[in-house]
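Please read the following report alongside the sequence and the coordinates. Its topics are the chain as a whole, one helix pair and two individual residues.

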Amino acid sequence: MKQRPGKHRDGHSNSWQLRGDSLLCSNDGMPEKAKPASSADQTALLRQLPSVDELLLRPRVADLGRKLERGFLVEMVRGVLAQSRRDIVSGERLEEGNLAVEAMELRIVRSVEQALAPSLRGVINASGVILHTNLGRAPLPAAILEEFQQTATQYSNLEYDVAAGARGKRDVHTSRLIEQLTGAEAAIVVNNCAAAVLVTLAALARGGEVIVSRGELIEIGDGFRIPEIMEQSGAVLREVGTTNRTRIADYENAINEKTRVILRVHPSNFTVSGFTEKPIVEELVALGKRNRLPIVEDLGSVAWWIFSSVGDQRTDGAGKRRSGILAGTFQRR
């Protein structure tokens with residue numbers, strides 16, 4: 001025990017004392033406050049922890065060692081030991097037997113099972129949203145799953161042209177169907193709408209300007225922002241209009257020799273109400289034709305068409321056929 005006493009000019013004493021492993025401060029009866037530190041009991045518990053090698057020899061852990069790569073198993077053991085040390089040092093009351101080697105063996109087995117368990121699992125969709133992005137969108141029918149299983153469990157012509165006897169392109173399996181469905185000249189499938197916008201802009205507008213309404217500079221999903229996607233594609237953002245009102249004249253006045261694309265973005269869950277205005281797609285398409293510019297519309301996850309009450313006509317929500325270059329995820333209903 002060490003003590004470093006001292007006195008103030010008013011005669012009051014002040015002392016710092018080191019008791020055991022804790023530094024205590026005393027000032028004429030003021031409450032003593034201890035800094036976090038390991039006590040003798042904690043030190044004893046830390047010394048009782050088994051070694052990595054000892055745990056690897058436990059029956060259930062050794063059984064895992066015959067099935068798993070050793071480095072992975074060692075990391076699991078070290079993780080359990082590290083958590084046990086944190087539990088001891090935290091000062092929280094430990095349950096009886098929590099640090100016993102049998103208990104640690106069981107925790108290692110559970111850690112391995114959790115690490116190797118599939119992260120995807122079925123859930124109940126009680127959100128009220130049928131096509132929910134966070135919940136996997138639409139469940140696949142049994143017929144599709146059977147086809148997947150048949151193809152995925154054997155070699156296939158994924159990237160091979162059987163008729164030509166040469167290497168082919170993997171996009172043809174989906175592109176021809178989308179071309180028939182939409183009337184597009186070509187199509188490619190990616191795994192989300194942000195990727196569709198990125199690929200489209202990289203192909204059509206790299207090094208040039210892309211005109212976008214200020215009211216459509218939104219964030220897609222969890223962190224995909226239109227300005228950042230545009231920057232990654234190599235295109236330059238050209239903002240027009242205001243947050244609530246953008247007219248066709250705003251797009252037209254912004255067109256110059258550097259313009260490569262006019263982009264229209266689906267606002268997702270973001271809405272502006274009240275004093276608002278924006279041109280319809282047909283106006284943008286007409287503007288694009290006059291200036292020989294492609295119109296790219298990010299459709300988000302809206303329906304590609306709806307069935308009208310008088311027949312099977314493929315239309316948008318306003319009853320008009322879609323036109324222009326489209327980037328988005330499409331759902332038929």
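The report below begins with the chain and then turns to local detail.

## The chain as a whole

The model is predicted, and local features are described only where pLDDT is at least 70, with side-chain atom pairs counted only at pLDDT 80 or more. Within this model, the secondary structure of the chain comprises 11 helices and 14 strands. Of the 333 residues in the chain, 25% are buried.

The contacts can also be described by their separation along the sequence: when contacts between residues at least 6 apart are taken, 62% of them join residues at least 24 apart.

## Helices H8 and H9

Helix H8 covers residues 193-205, and helix H9 covers residues 226-233. The two pack with their axes 8 Å apart and at an angle of about 40°, which makes H8 oblique to H9, since the angle is neither under 35 degrees nor within the range of 65 to 115. The crossing in which H8 passes H9 is right-handed.

On the H8 side, the contact is formed by Ala194, Val197, Leu198, Leu201 and Ala202, while H9 contributes Ile229, Met230, Gln232 and Ser233. Sorted by class, the residues of this contact are 7 nonpolar and 2 polar, with no charged residues.

## Thr200 in helix H8

Thr200 is also part of H8. Is this residue, Thr200, buried or exposed? Its relative accessibility is 17%, and because the limit for a buried residue is under 20%, Thr200 counts as buried.

The side chain of Thr200 also has a polar partner in the backbone, as it reaches the backbone oxygen of Ala196 at a distance of 2.7 Å.

## Tyr160 in strand E4

Tyr160 lies in strand E4, which spans residues 160-161. With a relative accessible area of 41%, Tyr160 falls between the limits of 20% and 50%, and therefore it is classed as partly exposed.

Which residues does Tyr160 contact, once its neighbours within four places in sequence are left aside? They are Gly165, Ala166, Arg167 and Gly168. For Gly165 there is a polar approach as well, in which a polar atom of the Tyr160 side chain lies 3.2 Å from the backbone oxygen of Gly165. Arg170 can be placed relative to the strand residue too: Tyr160 and Arg170 are separated by 10 residues in sequence, and their C-alpha atoms are 7.8 Å apart in space.

Technical notes
Residues numbered from 1 in each chain as written. Heavy atoms only, no water. Helix = DSSP H or I, 4+ residues; strand = E, 2+ residues; numbered from the N terminus. Buried < 20%, exposed > 50% of the residue type's maximum accessible area, 1.4 Å probe, protein only. Polar contact = N/O pair within 3.5 Å; in protein donor to acceptor, adjacent residues only side chain to side chain. Axes fitted to C-alpha atoms, helices over the stretch in contact; angles between N-to-C directions. Parallel < 35°, antiparallel > 145°, perpendicular 65-115°, else oblique. Left-handed = near helix turned anticlockwise from the far one by under 90°. Contact = heavy atoms within 4.5 Å. Nonpolar A, V, L, I, M, F, W, Y, C, P; charged D, E, K, R; others polar.
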